[in-house]
Amino acid sequence: MSRVGCVSVLLVFGIVLAAAAIWWAYRAEMGRIRAHLDAESQLLETPFGTVEYTRWGTGPPALFIHGAGGGWDQGKLIAEHFVGDGYSWIAVSRFGYLRAPLPEDGSTTAQADALAVLLDYLGIERAAILGVSPGVLPPIQLGARHPDRVAALVLLSSAPFTPLTADSQDLPLPAWAYQALFATDFPYWALSKTAPGTLAAIFDARAEHVADLSSEDAAFLDRLVGSFLPVTARLAGTANEGAAINPMVPHPVDAIVAPTLIVHARDDGINPFPIAEYAAEMIVGAKLLAFDTGGHMMLGRTGEVREAVRAFLERNAP
């Protein structure tokens, strides 16, 4: 065999070995992630669907509901970042996420009723209820349908809900990019290893938001990017997000009587600020905390959000 032929064979062999190593690393990490997620959560069957949840901490009960593409793990991450210790936390997976299958009725009302059953099961009479992005919608329904269970509401970067529409949303990536990223786990995993900054755009982390991030916020953003894996275990829930703007399912925010704190950045590139203004206007006595900058995840505002939320919960948590 000629020298050129030997070099070609070695090159092909090296490429095959590298590809095999990458594939092995991918499969191994995905296996570890799935095993961790399954081991750290519990399942409760309710008449409205399966609820997946995890618990940690001590103190007044507080229930956190995750945003799009999340699960209980994302909820736990955001609760720890924006609120912290001192509460008996429960984080759930909404319908269609991780081990909580999407039931025939995947509406926000059904999810709220399932959460009420979860509180019954855990022996919790009243709890503080927090949500982020589309995760604010079951808490809104819970506050309207089961007001006796809600001691306080905290709504972070609220997503559109009936009677609002999603027309004004300007998603960071085009629809085809989301479809390509979430078709299988490998593309997202590969980008998270080689170019994690490109994935931060999914969370509206624009250049002006990340230019001077603290080490705490930078670590939070990195973990948030990683919290999408495995994306294939979150597809059904992501596809169901449109249920929140179903005109057949009203969100009667004017029926909420619990003390309510609404936190939103005016430059949120995913959920426009008028959503927060609408909720603040409709919910009697609601307090609106608005930031001029920070984007969807209120980057650079962590300390201010944490101080405001903790003070609010200390006044109102059961």
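Modeller: Before we start, a word on helices: they are DSSP runs of H or I with at least four residues, while strands are E runs of at least two, and both are numbered from the N terminus. This is a predicted model, where local features need pLDDT of at least 70 and side-chain atom pairs count only at pLDDT 80 or more, though totals for chains, interfaces and linings use all residues. Residues are numbered from 1 along each chain as its sequence is written, and side-chain values use heavy atoms, with hydrogens and water left out.

Colleague: So what does the secondary structure of the chain come to?

Modeller: 12 helices and 8 strands.

Colleague: Which helix gives the most to the lining of the second largest pocket?

Modeller: That's α2, with 6 residues. Helix α2 spans 72-82, and α1 (3-39) and α9 (215-226) each supply at least two lining residues as well.

Colleague: Why is this called a pocket, and the other one a cavity?

Modeller: On a 1 Å grid over the protein atoms alone, a cavity is a set of points where a 1.4 Å probe fits but cannot get out; a pocket is an open set with protein on both sides within 12 Å along at least five of seven lines. Lining residues have an atom within 4 Å of a point. Grid points are joined across faces, edges and corners, and a volume is the space filled by probe spheres set on the points. The second largest pocket has about 350 Å³, and the largest cavity about 120 Å³.

Colleague: Which residues are closest to the centre of that cavity?

Modeller: R94, G106, T108, N240 and E241, out of 15 that line the largest cavity.

Colleague: What makes residues of the cavity lining nonpolar, polar or charged?

Modeller: Ala, Val, Leu, Ile, Met, Phe, Trp, Tyr, Cys and Pro count as nonpolar, Asp, Glu, Lys and Arg as charged, and the others, Gly among them, as polar. By that rule, the lining of the largest cavity has 7 nonpolar, 6 polar and 2 charged residues. For the second largest pocket, the classes come to 5 nonpolar, 4 polar and 7 charged.

Colleague: How do you know that L130 is in contact with W89?

Modeller: Contact means heavy atoms within 4.5 Å. Leaving aside neighbours within four places in sequence, the contacts of L130 include W89, F64 and L313.

Colleague: And how many residues count as buried?

Modeller: Buried means under 20% relative accessible area, exposed over 50%, partly exposed in between (1.4 Å probe, protein chains only). Of the 318 residues of the chain, 53% count as buried.
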